[in-house]
Amino acid sequence: MKEASCGVARDLMPLCAEGIASEESREWVEGHAAGCAACAQVYADMRAGTPGPVPQAQSDLTFGRALRQMLRTIRLKNVLLGFVVALVLTAVIGFGYDALCMQTRPISPERVEIAFSQLPEGLVVQTVTVEGGYRFTRYGPSGQWFGAQEEAGVYYIQFLKPIITLSSLIWSHPSYTSLNIKDGILYHHDHHDLFPGQVSEGLEITEIRVGAPDNYRTVYQKGDPIPLADEETQAYFSPW
């Protein structure tokens, strides 16, 4: 019972020391302190402005609460840190993946199948078959795209694909070239805006190579027939 009285007295002591407690509470605290040396010392220290010694039980309780609070704070910080690290890694991986998808590398000439055909107006089109598809194409007379020594009549087509590609499907796609044929002679024209019925007698092409000057495969030589495109291909390129 005495311990309960001590607890109540010490709960009221701060109010009494600051003059906030009622007169009855102050008299009761002082009466209790008159008969309890420990509480009298705490009350005296409190009124003097210095903290008194904390009882062992209260000290242990305070330490336990502080420890639990510290552990909760550490766990919260670890969760936040993990979230931030995961967010940063996701961003880095995402940007890195996009960058690698945009970076390209040449496709080996041996992995590319290409067939040429001509539209009725003389424009030459190509149908390319390659595993995983391709993103970009370099093409033109030798020296124009590769900085190599000019080889008269030689035309290069190089296909490039992303460094990272998730597709392994066999991809076949028809597309225009910068070539046209007239009177059985193959020419390279410098623009892609030829309308149906228009052909250009530019540079005569005698050989077409897939790849680059240091690694290529010849797919056309002068005199090789270029057949008329089938109806499906003609319909694909029809402007109407």
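## A nonpolar surface patch

Phe83, Val84, Leu87 and Val88 make a nonpolar patch on the surface, about 400 Å² in area. One of the four, Val84, lies in helix H4. Val84 has a relative accessibility of 45% and counts as partly exposed, because buried would require under 20% and exposed over 50%.

The structure is a predicted model, and confidence matters for this patch. Helix H4 spans residues 56-102 and has the lowest mean pLDDT among the elements of the protein chain, at 69.

## Confidence along the chain

The average pLDDT of the protein chain is 76. A score of at least 70 is reached by 70% of the residues. Strand E10, residues 215-221, has the highest mean among the elements, at 93. Helix H4, at 69, has the lowest.

Residues 192-199 have a pLDDT below 50. The model still gives this stretch 19 contacts beyond near neighbours in sequence. Where pLDDT is low, the predicted coordinates should not be read in detail.

## Overall make-up

The protein chain has 240 residues, of which 29% count as buried. Its elements are five helices and 10 strands. The chain exposes about 15,400 Å². Carbon and sulfur atoms supply 59% of that area.

Sequence-distant pairs feature strongly in the contacts. Among contacts with a separation of 6 or more, 59% are between residues 24 or more positions apart.

## Strand E9 and its partners

Strand E9 covers residues 207-212 and is mostly covered. Six of its six residues are buried. E9 pairs with two strands, E5 and E10.

Strand E5, residues 154-162, runs parallel to E9, and four bridges join them. Ile157 has Val210 of E9 as its bridge partner. E10 pairs with E9 in the antiparallel sense, over six bridges. Here Val210 has Arg217 of E10 as its bridge partner. Val210 thus appears in both pairings, with Ile157 and with Arg217. A hairpin of two residues joins E9 to E10.

## Salt bridges in helix H2

The whole structure holds four salt bridges. Arg26 takes part in one with Glu23, where the closest N and O atoms are 2.1 Å apart. Arg26 also forms a salt bridge with Glu30, at 3.0 Å from N to O.

The spacing in sequence fits the helix. Arg26 and Glu23 are three residues apart in helix H2, residues 23-35, so about one helical turn separates them. Arg26 and Glu30 are four residues apart in H2, again about one turn. How exposed are Arg26, Glu23 and Glu30? Arg26 is partly exposed, with a relative accessible area of 27%. Glu23 is partly exposed at 40%. Glu30 is partly exposed at 29%.

## A salt bridge across the sequence

Which residue forms a salt bridge with Lys222? The partner is Glu204, and the closest N and O atoms are 2.9 Å apart. Lys222 lies in the loop between E10 and helix H5 (231-237), while Glu204 lies in strand E8 (residues 203-204), so the pair ties together parts that are 18 residues apart in sequence. Lys222 counts as exposed, at 55% relative accessibility. Glu204 is partly exposed, with a relative accessible area of 30%.

Shared partners link the bridges in helix H2: Glu23, Arg26 and Glu30 join into one network.

## A positive phi at Asp183

Asp183 is not a glycine, yet its phi is positive, at about 55°. Most residues other than glycine have a negative phi. Where does Asp183 lie? The residue sits in the loop between strand E6 (170-182) and strand E7 (185-188). Asp183 has a relative accessible area of 73% and is exposed, because the cut-off for exposed is over 50%.

How values were computed: Residues are numbered from 1 along each chain as its sequence is written. This is a predicted model: local features need pLDDT of at least 70, side-chain atom pairs count only at pLDDT 80 or more; totals for chains, interfaces and linings use all residues. Side-chain values use heavy atoms; hydrogens and water are left out. pLDDT is the predictor's confidence in each residue, from 0 to 100. Contact means heavy atoms within 4.5 Å. A salt bridge is a side-chain nitrogen of Lys or Arg within 4 Å of a carboxyl oxygen of Asp or Glu. Buried means under 20% relative accessible area, exposed over 50%, partly exposed in between (1.4 Å probe, protein chains only). Accessible areas come from the Shrake-Rupley method with a 1.4 Å probe; for residues, only the protein chains shown count as cover. Two strands pair if DSSP finds at least two bridges between them. Patches are made of residues with over 30% relative accessible area and no salt bridge: like charges are joined within 9 Å, nonpolar side chains (Val, Leu, Ile, Met, Phe, Trp, Tyr) within 5 Å.
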